[in-house]
Amino acid sequence: MPDAGLTLTQQPPLSPLVEIHADDTAHRLWRQIALDHDFQREFVAAVDDLVGELDHRTAREDRLREAGVTALSGVYAGMVPSLAHTDAQFFEVLRQNAQFGTPGRSIAGWHVEFEEVADGPLAVLRESDRTPTIAVRIDDAFGELRAEYREDIAWLLAELARAVDLRIIATGRWQRRLAREYREHLPAVSEQCSAGLSENTITQRIETAHDVLDPDGRKVRILRQLADEASETLSYNELYALHQTTKGAVRQCLTTGESSLGELGLVETFSRTTENGNAVELLAAGRKLLDRLDAEIGRQQRLEAVVSEPGNPSDDSRVTPPAREGRHRPTAEAEACCAERGCGSGGGAGAAPDRHRLPFHHQVRSAARHRYAAAAGTATDGGITLVNHPIGVKDDRGEPHWYYDHDADRLLVGGEYDDPMQWWVCIALALANPRTFRHVLTPDRFESGKLGDLLANHADLLRNSRCLGYLKDADATAEDYTDALLEAAEDLSELTRDLHHENYEDCNRFRGDILREAQGLAGTIVHLLDLADVDVVREARIPRFSRDFGESQQSDLAETLSVGASIQSRYGESTAYRQLLESREDKRESAIPPTVDADDPFGELIGSFVVVGKSVDELADPLRRRLSNRDIHEDAPEFSVPISVEETTDRSQTAQAVQIMCRQKSIRPTRAATSMLAALTGTPYDAARALHNLASETKAPGRTLRLDEVRYGLSVLEPTRLLSEMGKPALSKIVHALLIAQTPLVQRDLAERADVSARSVRTYTERLAAFDFIQQTEAGWRFALPFHTDEERGEGILPEFVSTGDDSTATTTFARDVLAEAIYDLLDPDRYADPDDLLGGALFADPGEVIPALREGCDWLDPWISIVRTLVGPELETQVPAPRATAAIGIEPEQASLTAAAAGGAD
């Protein structure tokens, strides 16, 4: 058993007894631990270790009291012995362990202060020889808690560390914050946080910057301010406001001279075609330099410098509303009700108690460029993509994000999803933000093309077919309609203010009203963007889907997405919702019915939705069912809106994200570079994050992306994001260790740097070598990509089967051939040559049956097959791609069915 104590780590332990997230009050966190079945088994075993050999109850009680189990003035020690000798109180004691500190609850008639948990259950573990491993994840959700809640959690962690092997999982930024704010509470945190970085992760640019920069100077303060931003990006104007000096002095820190942050490779400046002019984003080298500086000053008690600079001015209210707000949901009538400008469900689906927060006046922030690239690359036009990708919580959950790509004429809006009302408010306020009208729906756009003609001459058509809200004949000019939409956004913000201050008669009904206004405003802007030929992507980020979203929450999410999709779909110039789903007869009568073309009876979803979070692909089936099973009114025209629901991403989506990132960096992707990124990363979000860490090309813009740059980008990802679909943490760590190395590694060094066993290294290096991902040299193992050094810069080192031609180039390399070679390297000769062997025999099958036979014969081979197919490129034997999994809102017209039948008969 490990020793009791506290360990800071950025990676979760392999098999903790319990793993929890520090995003709630201390007594609720303790309750999660105490009710965990594995913890309860360990607790019972600890009691048995202490008193199990004693026959008399009095002796057992005395032994426990002598050991320090003194909670409830010793009464608790009288309850616990029943666990060693099972009786009727057995399960009652385990249940009451969870009651320590719970408001309104008592134990054995005693009111129990939470602090007594240290002298009760934890004292039992502390005095036994058992030290189970408990993992506690601390991130921005912890920072959102009230100060007194955070202090209580720090106290609980300190007490846990005296009794168990406590692993605190936190980023470097949060480790430093814990060391700064809670060093008096948490044992050894300060010492662990100041341990410094491994020399293997410190590049030459960090060494150079370390030598020339003053740790207390303005340049390092700028780095810290960037690191404190969720997007790690600040505009020049925001930086000017943060520093009481001239603009020239700030610019000099950024770009002027050899010791500027830009020249040192710590930040990148880029020009925004939209707001605030130039901006600055933090690069990986800048983050690592801060980690090194923080580690060096930690022992000198100077960690307070990490956040000593004032934060970015914001009018965002950070006041937490009453806890009951998050637990209320609109009534069924409110969820079903549809108003003039939209409809949908509302409520607290997915929001944990005491966590829901939607105060008024959250600022709309610019999304980080790499997050835009990931979402835009992942998005499927006319569809909903579910991306199984773990994401962190935002500092402000109510903060919408916005990004406009002028070159692609594409707008991204999104926010963190807690519940339908909160998310649609984020989407509506992002869409109707003033910057949308400054840079996207400009006066020129309003006055020209299809939108300009309809606004000037057919405002009634926009109202009654497109169902554009807030539009009156008097407002049918670009300036007046813009003002009306901005005023609608202000009104929506005021409604959230009223909700925060409980200025309503019925909470459920009021939340339903806010939801309908938000969906109506969002629908109006989306239809305007469609009329102006602007692509739009809506992103829902759900960091706690895998933990908090049960069947009810998934149902609420599927409901609100299906409603929103129908509002933001059209057939010709008619909105799908009004024509197919509207339950109010007067609204249907005011709508102009479309003329349905029997040869083309299908509408379309405007733009796309992207839902991202760990395990969100579980939503696929409920969402498809909800889209296809909506109640269509009896007079609905005979058309439907097909909407694809994709739950996996493929190479093409990663390629799109890579293309966008390379355009931002002024370089061009190659097929080989894109394939390696797609094969080694889990999602387009990982690939975009990898390329985000490259500086923009200024000396030779338009050059190709080098393979050593691919290696560097991959090396700065978290190890768990490499080959994540394999589900093998040790494999991911080994690959990461090889990527960050600048020279080949022998087996012992590789095991040490990857922090895995020698057995794991032997197992996985055999497989990696069989697929030519790694190569053995006289100096040790190396990954099959060029080192990010001057000596190998620009080299074409790759696994030998990777296709380097473009998509139109035919290739004679087949995935089955690559797999056969790998199996040959891994199998003993007698098995390889045996047609009756389950795995070797697969190679004797017909060409088209080789891969299915290999898949059946080897349970770990399946993800390797996908990787090989990604890398070899198009194959001559490739079958026609499977059709997209599509759901449809509406009805299939009989004319279409007859036409299809006639076509079939003609054949």
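Two residues are in contact when their heavy atoms lie within 4.5 Å. With that in hand, welcome to this predicted model. Below we visit its nonpolar cores, and then two serines, Ser608 and Ser260, that both count as buried.

**Nonpolar cores**
- The largest nonpolar core has 88 residues, and Met676, Phe773, Phe783 and Leu861 touch the most other members.
- Helix α34, which spans residues 729-740, supplies the largest share of this core, with seven residues.
- Another core lies apart from the largest one; it holds 85 residues, including Ala518, Phe549, Leu619 and Leu623.
- Take Leu861 as a sample: beyond its neighbours within four places in sequence, Leu861 is in contact with Phe771, Leu819, Ile823 and Leu854.

**Ser608, in a strand**
- You will find Ser608 in strand β20, which covers residues 608-613.
- Ser608 counts as buried because its relative accessibility is 3%, and the cut-off for buried is under 20%.
- Once neighbours within four places in sequence are set aside, Ser608 is in contact with Ala379, Thr380, Asp381, Gly383, Val536, Val537 and Arg538.
- Gly382 is 226 residues away from Ser608 in sequence, yet their C-alpha atoms are 5.3 Å apart in space.

**Ser260, in a loop**
- Ser260 sits in the loop that runs between α14 (247-255) and β8 (267-271).
- With a relative accessible area of 0%, Ser260 is buried.
- Its side chain reaches the backbone nitrogen of Glu263 at 3.2 Å.
- Outside its neighbours within four places in sequence, Ser260 is in contact with Lys219, Gln252, Cys253, Leu254 and Thr255.

How values were computed:
Residues are numbered from 1 along each chain as its sequence is written. This is a predicted model: local features need pLDDT of at least 70, side-chain atom pairs count only at pLDDT 80 or more; totals for chains, interfaces and linings use all residues. Side-chain values use heavy atoms; hydrogens and water are left out. A nonpolar core is a set of buried Ala, Val, Leu, Ile, Met, Phe, Trp, Tyr and Cys residues joined through side-chain atoms within 4.5 Å. Buried means under 20% relative accessible area, exposed over 50%, partly exposed in between (1.4 Å probe, protein chains only). Helices (H or I, at least four residues) and strands (E, at least two) are DSSP runs, numbered from the N terminus. A polar contact is a pair of N or O atoms within 3.5 Å; within protein, one must be able to donate a hydrogen and the other to accept it, and residues adjacent in sequence count only if both atoms are side-chain atoms.
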